[in-house]
Amino acid sequence: MVLEHVDGKNRGTVMLYALSTCGWCAKTKDLLRELGIAFDYTYVDLLDGEEQNKAMDQVEKFNPSGSFPTLVIDNRKSIVGFREREIREAFGT
Amino acid sequence: MSPVEISEGDIDRAYASLKKDAAEGGYRITPDTEFARNLIRGLLKNEVRYGYRACPCRLASGKKDEDLDIVCPCDYRDADIEDHGACYCALYVNEEIAEGRRKVSPVPERRPPRSQRGTPGARAVQTVSAGATVLGGLPLPVWRCRVCGYLCAREQPPGICPVCKAKKDRFERFI
Ligand code: SF4
């Protein structure tokens, strides 16, 4: 899977599953940058067949509706959609 | 898949025509112009890479018959505007949000997940048999626009929905 890394403060493993065309995904990414958190993201729509399927399996594991953005923190906690307050709280800001 | 670039001019034109169609159909577009333009860029990108304007906030399969429900405006727009004040992407909003009296909050996904989707064909067949038992013997079939709910009794659905401008392939046999 193609992961893009954004540097910042280490707050555990922060993985953002996003679509390259989605407005709320872009807002979520901007918020994470604003918070200065280190994270990885992938644009699932730009992945090819098998890779895309694998990424969707991951997304659905945390978010059965398979929607975007899905933010996964430490492989445990997930935040679905651009929930600004929840995202800020998750990183204690 | 390599990223597709869309020009600002293309976005201008698509934005203008979308606004016009929305106004004519009684719909409102988000007052956040930059957000709207980004979504429209997404719609145009999808048109280039898939051949149809799949919802920018959902993962399209690239197979049109599987994605018909999420060709913009999607089958879920009206219900989401009704329940949440905005469509899933928040491109279309209700009056309160359009006039800045209320903010958009995240809209939960209404589309069934991959595993529960079934084919559009299967859904249409179900609708026909359910209706047929109750109202068999009608002289003409009744077609329903999946986008806006418009109904008409005729041999074939219209080429374009007179209410919301959805294309013929968005109609299902209702009765
Ligand atoms: S109506 Fe809204 S949610 Fe539906 S496809 Fe269009 S932009 Fe996406």
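## Proline loops, a pocket and a cavity in a predicted two-chain model

A:Pro69 sits in the loop of chain A that runs between α2 (49-62) and β4 (70-73). The model is predicted. The peptide bond leading from A:Phe68 into A:Pro69 is cis, and its omega is near -5°. Beyond β4 comes another loop of chain A, between β4 and β5 (77-80), and A:Asp74 belongs to that loop. A:Asp74 is not a glycine, yet its phi is positive, near 55°. The residue is partly exposed, at a relative accessible area of 29%.

Chain B contains six helices and five strands. Read from the N terminus, the order of its elements is α-β-α-α-α-β-α-α-β-β-β. The chain has 175 residues, and 42% of them are buried. Contacts between residues at least 6 apart in sequence were also sorted by separation. In chain B, 49% of these contacts join residues at least 24 apart.

Chain B also has a cis peptide bond, from B:Cys72 to B:Pro73, with omega near -5°. B:Pro73 is placed in the loop between α3 (64-67) and α4 (77-84). A positive phi occurs at B:Lys165, with a value near 70° in a residue other than glycine. B:Lys165 is part of the loop from β4 (151-153) to β5 (171-173) of chain B. Its relative accessibility is 36%, so B:Lys165 counts as partly exposed.

Both of these loop residues recur in the largest pocket. The volume of this pocket is about 600 Å³. Its lining comprises 26 residues, and those closest to the centre are B:Arg53, B:Cys72, B:Pro73, B:Lys165 and B:Lys167. By class, the lining holds 14 nonpolar, three polar and nine charged residues. Helices α1 (8-25) and α2 (33-50) of chain B each contribute at least two lining residues. The top contributor is α1(B), with five residues. Where does the pocket lie with respect to domain 1 (8-116) and domain 2 (120-173) of chain B? It lies between them, because both domains give residues to the lining.

B:Ala14 is a residue of helix α1 in chain B. At a relative accessible area of 6%, B:Ala14 is buried. Outside its neighbours within four places in sequence, B:Ala14 has contacts with B:Ile40, B:Leu44 and B:Arg53. B:Leu44 is 30 residues away from B:Ala14 along the chain, with 8.3 Å between the two C-alpha atoms. B:Arg53 is also among the residues closest to the centre of the largest pocket.

Enclosed space was searched for over the whole structure. One cavity of 30 Å³ or more was found. The volume of the largest cavity is about 100 Å³. Of its 13 lining residues, B:Cys55, B:Cys72, B:Cys74, B:Cys87 and B:Cys89 lie nearest the centre. The lining divides into 11 nonpolar and two charged residues, with no polar ones. B:Cys72 thus appears in two settings: nearest the centre of this cavity, and closest to the centre of the largest pocket.

The cysteines were then examined for bonding. A disulfide is a covalent bond between the sulfur atoms of two cysteines. The count over all chains is zero disulfides. Why is B:Cys164 not bonded to B:Cys145? B:Cys145 holds the cysteine sulfur closest to that of B:Cys164, but the separation is 3.7 Å, too far for a bond. The cut-off for a disulfide is within 2.5 Å. B:Cys164 is buried, at a relative accessible area of 11%. B:Cys57 is likewise buried, with 2% relative accessibility.

Technical notes: Residues numbered from 1 in each chain as written. Chains lettered and ligands numbered in written order. Predicted model: local features only at pLDDT ≥ 70, side-chain atom pairs only at ≥ 80, totals over all residues. Heavy atoms only, no water. 1 Å grid on protein atoms, 1.4 Å probe; cavity = no way out; pocket = protein on both sides within 12 Å on 5 of 7 lines; lining within 4 Å. Points joined across faces, edges and corners; volume = space filled by probe spheres on them. Helix = DSSP H or I, 4+ residues; strand = E, 2+ residues; numbered from the N terminus. Nonpolar A, V, L, I, M, F, W, Y, C, P; charged D, E, K, R; others polar. Domains from an automatic or database assignment. Buried < 20%, exposed > 50% of the residue type's maximum accessible area, 1.4 Å probe, protein only. Contact = heavy atoms within 4.5 Å.
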